[in-house]
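Take a look at the chain shown here. The paragraphs below lead you through a few of its parts, one at a time.

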Amino acid sequence: MEKTSPRSFLRDLNVFELREVESKSLCYLTDCMGLTASGNHAPARAGGISMSNSNHAERYLKILVALTTVGWFAPVWSQGEQAGATGDPIQPGAARIEEIVVTAQKRPENVQDVPISITTFTGEFMEDSGLHTLQDLSLFTPNLTLSHSSQVANNRIIMRGLGSVGDNAIEPSVAVFIDGVYYPRTASVVGSLTDLEMVEVLRGPQGTLFGRNASMGALNIRTAQPTDEMEGNLRVGYGSYDAMRVSGALSGGIMENTSGRVSFSYSDRNGYGDNTFTTGQSASDVGEWRDLSLRGKLYFTPTDTLDITLSADYSEVDNGGGVIEVKTDTLLPTYLPTLSVILNDTPLTPGGPVPDGADTFDYTLNQDHRDLGDDRQMGFAADINLDVNGHTIRSITSFRDWENDTFESALRLPADLLNRVTGYETETVSQELQILSPTGGRFEYVAGVYYYDEEYRIDQDFDLGDDFCNPTIRNLVAGRVARAIPTITANLVASGIPQPFAGQLAGGIVTGAITSVAQIQAVAPFLSAAQAAGILATVPSALTIGAAAAAACTAGDQISAIDGEFSQSMSSFALYGQLTFHVNDRLRVTGGLRWTDDEKDGSYLQTLNNPIVDAPTGSPYRTIGLPFSVNLRINESFPNLRFEDDALTWLANISYHATDDIMVFGTYSTGYKSGGFNSDGANRAIPRTFSSETVDNYELGVKSSLLDGGMIANLTLFRTEINDFQDRVFDGVSFIVQNAGELRQQGLELDIQARPLEQLYTVFGLSWLDSEFLTFTNATAMPYVIATTPPGLVPPGQDLTGKRNHFSPEWHISLMAEWTDRLPNMDWSWFTRAEFNHLSEQNVGAETNQNPQSLQEGYSLFNARGGFRSPDEKWEIAAFVRNAADEGYCQTIFNQPIGTTLGLVDPVSRGGMQRCVLGTPRTWGFEVGYSF
C-alpha cells in the first residue's frame with residue numbers, strides 16, 4: 001500500500017483518493033496547493049439553487065463555472081506535456097487525482113474500494129481551506145450539518161437530516177471517533193481540530209463496526225502520527241473581529257524505535273454582536289471565542305511485530321454564547337408594547353425597555369447577555385498493534401474526562417430576570433480488542449469486543465435576577481388581574497350596578513385609580529357608604545395583588561430558586577464481526593453482525609426553593625406554589641431510574657467492479673441508538689424513560705474514476721427508515737424526549753472531483769433529501785395552543801404524519817474551483833480559490849412542530865482564498881474572505897423563552913415571538929505558514 005503524500009487531500013467525494021502524482025511540478029497543483037483530494041472544498045449539497053435568493057449567489061456561481069469551463073475546454077491535447085523551465089507557467093495538461101487511504105472498515109483501504117458513502121478530508125486540506133472546526137467541515141460535506149444554538153453544550157451533529165441535541169442525556173445519532181476513541185457528547189468536539197491526518201465522514205448506519213450511537217453515521221477522525229524524521233510546522237493568522245489563530249506541530253525520533261509528536265492550536269476573537277444593553281454585567285461584545293488544544297503522542301516499535309502509540313490531549317473552549325436576535329418577521333404590533341409594560345418600573349403602564357426588533361441580521365442586540373461557556377476536556381489512550389502470523393491484534397484503551405460550565409441569561413430580554421447555570425461532567429473508560437485478518441485472501445474479516453463505561457452528571461440551577469420579582473412578577477400578576485376587568489364588570493352589572501358605572505368602578509379599582517369609598521361614591525352617587533365599602537372589599541386591586549406576588553417572590557430563595565440534579569451510570573458491551581468473501585477478482589460479498597447490551601442507572605431530583613416558580617392554582621402538581629406562581633417547574637424525585645436494552649445490528653453488502661475504474665454496490669444495514677432518561681426538569685409529571693431508536697437503511701451506489709484518473713465521480717442513493725424516532729417535544733417550558741413514531745429520509749449524494757488541467761482543481765458536491773414522517777401523531781403543539789392549555793394539563797399534540805422533518809433541506813450544493821500557477825520569472829507559485837455553498841429552504845426550529853415561522857429560506861455562501869507558496873513548499877502566505885456577500889441566516893430558531901407565559905403568542909397563526917441564532921457574518925483575514 002502506498003503511503004499517502006503529506007498534502008494528499010481527501011475529496012468531499014464519497015470516498016476518493018488521489019493517485020500519487022508523477023512529477024514534482026504536479027505537486028504545485030495538488031499537494032502544494034492546499035487542494036484536497038477529497039476536495040470537498042465545498043461539500044456538495046444538493047442544490048436546486050434558487051438564484052433568486054441573491055444576485056451575489058448567481059455572480060459567484062458564474063465565476064466558478066467559468067473557471068471550470070476554461071479548464072475543460074483548454075487544450076487537453078497537451079495533457080502529456082511537463083512544466084517548462086523554472087519560472088515558466090505550468091503547462092496545460094490533465095492530471096491524476098491522488099489516492100486516499102481510509103480506515104472506514106477498520107483497515108487501510110483505497111477510499112474508492114470501500115462500498116460506503118464517504119466524504120474525506122486530509123489535515124492539509126483543512127488547514128489550507130481554513131477549516132478548523134466540525135462546523136466548518138459541515139459546509140463542505142453533503143448531508144452533514146453542525147447546528148449551533150445558544151451555547152456549545154446545545155449543539156447537534158446532523159446527518160441526512162437527523163441529529164440529537166447534546167445538552168441532555170439523549171444519545172447522539174452521529175458517533176464521533178478520534179484515533180479510534182469514542183467521544184460521547186457533541187460539545188466535546190466543538191473546538192479546534194488539531195494536527196489532523198484525515199477526517200472520514202461515513203454516512204448511513206455504521207452499526208456493525210462502529211456501534212450503538214452511529215445510527216445515522218460516524219465521523220472517523222485520525223490525528224497525525226509521530227515520524228522518525230524531524231519535521232514541524234507553524235501557522236499564524238489574523239483577521240476581522242481581532243481574530244487570531246496560531247497552530248503548530250513538531251515530530252521526530254527520540255531514540256531508537258521511539259518517536260514522538262506534539263501539537264497545539266490556539267484561537268481567540270471578539271464577538272460578532274454588539275449589545276446596547278450594558279446594565280450591570282451584561283456584555284457589550286457578544287459571542288467572543290477562545291479555544292486551546294494540546295496533543296502529545298509517543299510511538300514505540302519494540303519489535304518488528306509490535307507497535308504502541310500512547311497519546312494524551314487537553315483542550316478548552318471559553319466563549320460568550322451565540323448572537324441571538326429577535327426574528328423580526330415574527331413580531332406582532334402588540335409584542336414589544338407588552339414587554340414594555342412587563343418590564344416597566346411603573347405598574348400597568350408602558351415605558352420599560354424592549355429588545356431590539358429592527359433587523360434580524362444586523363448583529364445588534366438590546367438584551368441581557370452574560371452568556372459564558374467554560375468547556376474543558378482531557379484524555380489518555382493506548383493503541384497497541386501486534387502482528388501474529390499475518391493477523392493484527394489491536395487493543396485501544398482510553399480514559400476521557402469532559403466538563404462544561406455554562407451560564408446563560410435564559411430569557412434574553414433587557415432586564416436581569418432568570419439565569420440558568422448548568423454544569424455537565426462526563427467520565428468515560430473504554431476498551432476495544434480487535435482481530436484483523438490478512439488481506440489479499442479469498443476471505444477477509446474483522447472481529448472484536450468492545451466495553452464502554454460512562455458516568456454522566458448534569459447539575460442545573462435557575463437563579464432569579466434582580467428584576468425578576470420586581471418589576472416583572474409584580475407586573476405579570478397585575479396584568480393578569482387587569483385582564484379580568486371585563487369579567488369583574490359583568491359581575492357588578494349582575495349585582496345591580498348599571499353601565500357605565502360598573503365599568504368605571506371595575507377599571508378604577510383594579511388599576512388603583514379608585515382606592516376609597518369616597519371615590520366610589522363620586523363615580524356612583526347612588527351607592528351607600530356600606531355598598532361602596534363592599535365593592536371596594538370585593539373587587540381586586542391589581543397593584544395590591546402584584547405587590548403581594550413580588551413580596552412573596554422576594555421572600556424566597558433567589559439563588560438556586562430551582563435546583564435540578566441528574567446523574568447516570570451506563571455500561572455498554574458489544575461483540576461484532578464482519579466478513580468479506582471475494583467471490584472473484586471483481587465481485588465481493590460482505591456481511592456483519594454486532595450485538596450490543598446497554599444498562600443505565602440514573603436519578604433525577606428537582607427541588608424548588610422559591611414558591612413563585614411552582615405550578616399555580618389549578619394545577620394538580622402544585623406543592624409549594626402560590627395562586628399566581630409562574631408555572632416553571634415542580635418538585636420531582638426519581639432516585640432509582642433503570643434502563644436496559646440489547647440489540648442485534650447487521651449489514652449485508654455486495655460490490656462489483658464492472659471495470660478497473662468503476663464499482664457498483666448495494667447495502668442493507670441497520671442501526672441502533674440506545675434509549676434512556678429525560679434529564680431536564682418540567683412543570684408537570686412526565687415519563688422519565690424513553691425507548692431505543694432503530695434504523696433500517698438501503699443504499700445503491702457507484703464509484704468511478706474517469707478520464708484516466710483525472711475525474712472521480714461517486715453517487716449514492718439511499719433510503720433510511722427510523723423507527724421509534726427520539727424527538728424532543730416542547731411544552732412551553734421544557735424539552736421532553738419522547739418516541740415519535742416512524743420517519744423516512746431518502747435521497748442521493750453526489751461527489752465529483754476533477755483535475756482537467758494541472759493548474760485547475762474542481763470539486764462539486766450535491767445532496768437531495770426527501771423527508772417524511774410516516775407516522776407522528778404526538779408532535780409538539782404550536783405556541784398559542786401551549787399557552788392556552790390549563791396548568792397541569794398536557795398540551796394536545798399535533799399530527800405531523802406526511803410532513804417533513806426539521807433540519808432536512810431538500811438540496812445542498814457546493815462547488816469549488818482552485819487555480820494554481822507559477823509567478824512569471826519566479827520559483828514561487830500563486831493560487832486562487834473560490835467556494836460556493838447553497839442550502840435550500842429548511843425548518844430549523846428547535847422543536848419539531850412545523851411552525852412556518854421557523855423556516856429558514858434558502859441561502860448561499862461564497863468564500864474566496866488566494867496566496868503564494870515558496871518553491872520548496874516551506875512558506876505559504878494567504879488571504880481569505882468568508883461569506884463574502886455577508887449573507888444573513890439562522891442556524892437555529894426557537895421560541896422566545898417563556899413567551900407563552902409572557903403572552904407573546906398569536907391566536908391567528910398560533911405562532912409566537914421567535915429567536916434566531918445567527919450564522920457567521922462576513923469575515924476576512926490572512927495567514928502565514930512555515931513547515932520543515
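What follows is a walk from a helix to a pocket, then to a sheet and a cavity.

Keep in mind that this is a predicted model. Start at helix α6, which covers residues 468-482. The helix has 15 residues. From its first C-alpha to its last it reaches 20 Å, close to the 21 Å expected at 1.5 Å a residue.

Is α6 mostly covered or mostly open? It is mostly covered: twelve of its 15 residues are buried. Buried here means under 20% relative accessible area. The buried residues run from Phe 468 and Cys 469 to Pro 471, Thr 472, Ile 473, Arg 474, Asn 475, Leu 476, Val 477, Ala 478 and Gly 479, with Val 481 completing the list. An α-helix has 3.6 residues a turn, so residues three or four places apart point the same way.

Now move to the second largest pocket. Rolling a probe the size of a water molecule over the atoms shows where empty space is left. This pocket holds about 730 Å³ of space. Its lining counts 31 residues, and Arg 480, Arg 483, Thr 900, Thr 901 and Leu 902 lie nearest the centre. Four elements give two or more residues to that lining: α5 (335-342), α6, α12 (783-787) and α13 (899-902). Which of them gives the most? Helix α6 does, with five residues. By class, the pocket lining has 15 nonpolar, twelve polar and four charged residues.

Next comes a sheet. Three strands form it, in the order β17-β42-β41. The sheet is open, and its pairing is antiparallel. At the edges are β17 (324-326) and β41 (890-895), each pairing on one side only. Neighbouring strands are turned by 30° against each other on average, direction ignored. Look closer at β41 and β42 (residues 914-918): five bridges join this antiparallel pair. There, Phe 894 stands opposite Arg 915 in β42.

Strand β41 also leads to the second largest cavity. The volume of this cavity is about 830 Å³. Of its 44 lining residues, Asp 167, Arg 420, Asp 680, Val 733 and Phe 735 are the closest to the centre. Two or more lining residues come from each of β21 (418-436), β22 (443-464), β23 (562-582), β24 (587-608), β31 (726-730) and β41. By class, the cavity lining has 18 nonpolar, 15 polar and eleven charged residues.

Two elements link these places. Helix α6 lends residues to the pocket, and strand β41 lends residues to the cavity.

Conventions: Residues numbered from 1 in each chain as written. Predicted model: local features only at pLDDT ≥ 70, side-chain atom pairs only at ≥ 80, totals over all residues. Heavy atoms only, no water. Expected span 1.5 Å × (residues − 1). Buried < 20%, exposed > 50% of the residue type's maximum accessible area, 1.4 Å probe, protein only. Pairing = 2+ DSSP bridges. Axes fitted to C-alpha atoms, helices over the stretch in contact; angles between N-to-C directions. 1 Å grid on protein atoms, 1.4 Å probe; cavity = no way out; pocket = protein on both sides within 12 Å on 5 of 7 lines; lining within 4 Å. Points joined across faces, edges and corners; volume = space filled by probe spheres on them. Nonpolar A, V, L, I, M, F, W, Y, C, P; charged D, E, K, R; others polar.
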